[in-house]
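Work through the exercises below with the sequence and the model open. Each task is followed by a solution in steps.

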Amino acid sequence: MKKIIITGGAGFIGSHVVRRMVTTYPDYEIINLDKLTYAGNLENLKDIEDKANYRFIKGDIVDADFIDRLFEEEKPDGIIHLAAESHVDRSISDPSAFVMTNVIGTVNLLNAARNNWEGAYDQHRFYHVSTDEVYGALGAEGLFTEETSYDPHSPYSASKASSDHFVRAYGDTYGLNIVISNCSNNYGSHHFPEKLIPLAINNIKHNQPIPIYGKGENVRDWLWVEDHARAIDLIYHKAAGGSTYNIGGHNEWTNIDLIHLLCEIMDRKLNRPQGSSAELITYVTDRAGHDLRYAIDSSKLQKDLGWTPSITFEEGLEKTVDWFLENGEWLENVTSGQYLEYYKQQYKD
Ligand code: NAD
């Protein structure tokens, strides 16, 4: 399984997965297939772009002919599929793009894998990287396990649930060697600033209001992105065919507590008086259908494959803030143009 196509490798998590695979396995050939939407950025991979075992191919997974040709020409041993429309708010304003990329794009990849790997499915792997949001929302108690029924609420989670179902169906029906992982919220370097943590870092840096949905009481389980990439590496290599793994940090935070911690770190790093960043917190109309709580039981992954998160949230958040402050140019580049229009539209009230 040495020639691997990683889809969505120019995005946030994908770039960490590509970097990990390229640097950990010099004898592998890693192909990064990405359409370079607003969320894809080759700057994320500047440090490894010249490595001999890395190649970038620009392309759209929605284009079935292109995907078929790519599989025929490249003959990959495996695929780690991350390409997706990933932002819940955008799925609420325009669900169609989510159906096209997340559902149709995934089915196109499955069809290409089915046709090209026929007769040797056991020697090839189809790995779908998914989200815990497919399980719906929890009350104050309980955790999502691999057996939790699917109950997606947003167009984003509905599209990811659908693609998970297709991946499993191709495993059950045709015998494709599939694995799926469902992970909680990631944070870390190269995170696109439409998402809560980098958006807040960017706004605090520029003394702009930090928009918080509702009362900030929604709970999310946060995982450092490099720990997710390490889990993906392990699952790709070690998981049994047909298996599913939940990945999470046992690290639940209400949005408002998280933002207060972030404000405290930012005050310290920017040498501002403690409490000044927190004054920027501004409550805005809640997201439609906003799930109250997600929390993941990742004990199967810990027991079967020995994976545990490597750092605490406080350590990870410090590292993340340091990265964003040291990479001001990256942040300025991705927050110009289109981003400003999106931001104005999203937070207009
Ligand atoms: P991202 O939005 O940062 O990156 C997505 C990448 O996919 C971009 O590089 C984009 O250019 C590419 N892409 C989009 N449409 C494409 C298409 N039609 N063809 C080819 N490439 C296309 O997303 P992310 O946050 O890195 O998430 C990656 C994956 O992990 C997604 O499948 C997401 O559902 C899943 N996931 C994300 C999180 C999280 O917290 N961000 C948590 C769990 C699971």
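**Exercise 1.** Why is helix H6 (residues 196-205) largely enclosed by the rest of the structure?

Solution. Start with the ground rules. This is a predicted model, in which local features need pLDDT of at least 70 and side-chain atom pairs count only at pLDDT 80 or more, while totals for chains, interfaces and linings use all residues. Residues are numbered from 1 along each chain as its sequence is written, and side-chain values use heavy atoms, with hydrogens and water left out.

Step 1: fix the terms. Helices (H or I, at least four residues) and strands (E, at least two) are DSSP runs, numbered from the N terminus. Buried means under 20% relative accessible area, exposed over 50%, and partly exposed in between (1.4 Å probe, protein chains only).

Step 2: apply them. Of the 10 residues of H6, 8 are buried, so the helix is largely enclosed by the rest of the structure.

Step 3: name the residues. The buried positions in H6 are Ile-197, Pro-198, Leu-199, Ala-200, Ile-201, Asn-202, Asn-203 and Ile-204.

**Exercise 2.** Describe the secondary structure and the overall dimensions of the protein.

Solution. Step 1: the secondary structure comes to 12 helices and 12 strands. The radius of gyration is 20 Å, close to the 20 Å that the globule rule gives for 349 residues, so the protein is as compact as a globular protein of that length. This radius is taken over C-alpha atoms, and the globule rule is 2.2 Å times the number of residues to the power 0.38.

Step 2: the C-alpha trace spans about 65 × 45 × 40 Å along its principal axes.

Step 3: buried residues make up 56% of the 349 residues.

Step 4: UniProt, in an unreviewed entry, lists residues 5-320 for "domain: NAD(P)-binding". UniProt positions are given in the numbering used here, feature names are shortened, and annotations may be inferred rather than shown by experiment. Residues 5-320 are 40% helix and 17% strand, with end C-alpha atoms 28 Å apart.

**Exercise 3.** Characterise the surroundings of the ligand.

Solution. Step 1: the shell. A residue is near a molecule if one of its heavy atoms lies within 4 Å of it. Of the 29 residues around the ligand, Ile-13, Asp-34, Ser-86, Tyr-156 and Lys-160 come nearest.

Step 2: composition. The shell divides into 13 nonpolar, 12 polar and 4 charged residues. Here Ala, Val, Leu, Ile, Met, Phe, Trp, Tyr, Cys and Pro count as nonpolar, Asp, Glu, Lys and Arg as charged, and the others, Gly among them, as polar.

Step 3: elements. Helix H1 (12-24), strand S5 (125-131), helix H5 (155-174) and strand S7 (185-187) each supply at least two residues of the shell. S5 gives the most, with 3 residues.

Step 4: N or O pairs. A nitrogen atom of the ligand is 2.8 Å from an N or O atom in the side chain of Asp-60. For Thr-101, the corresponding side-chain distance to a ligand nitrogen is 3.1 Å. An oxygen atom of the ligand is 2.7 Å from an N or O atom in the side chain of Ser-86. The protein covers 97% of the 840 Å² of accessible area that the ligand has on its own; such areas come from the Shrake-Rupley method with a 1.4 Å probe, and for residues only the protein chains shown count as cover.

**Exercise 4.** Where does His-190 lie, and where is His-250 placed? Compare their backbone angles and accessibility.

Solution. Step 1: most residues other than glycine have a negative phi.

Step 2: His-190 lies in the loop between S7 and H6, and its phi is near 65°, a positive value. At 10% relative accessibility, His-190 counts as buried.

Step 3: His-250 is in the loop between strand S10 (244-247) and strand S11 (252-254). Its phi is also positive, about 45°, but His-250 is partly exposed, with a relative accessible area of 49%.

Step 4: Asn-207, just after H6, takes a positive phi of about 55°.

**Exercise 5.** Which side chain makes a polar contact with the side chain of Arg-293?

Solution. Step 1: Arg-293 is in the loop between strand S12 (281-284) and helix H9 (299-305). Arg-293 is buried, with a relative accessible area of 7%.

Step 2: a polar contact is a pair of N or O atoms within 3.5 Å; within protein, one must be able to donate a hydrogen and the other to accept it, and residues adjacent in sequence count only if both atoms are side-chain atoms. The partner of Arg-293 is the side chain of Glu-252, at 2.8 Å.
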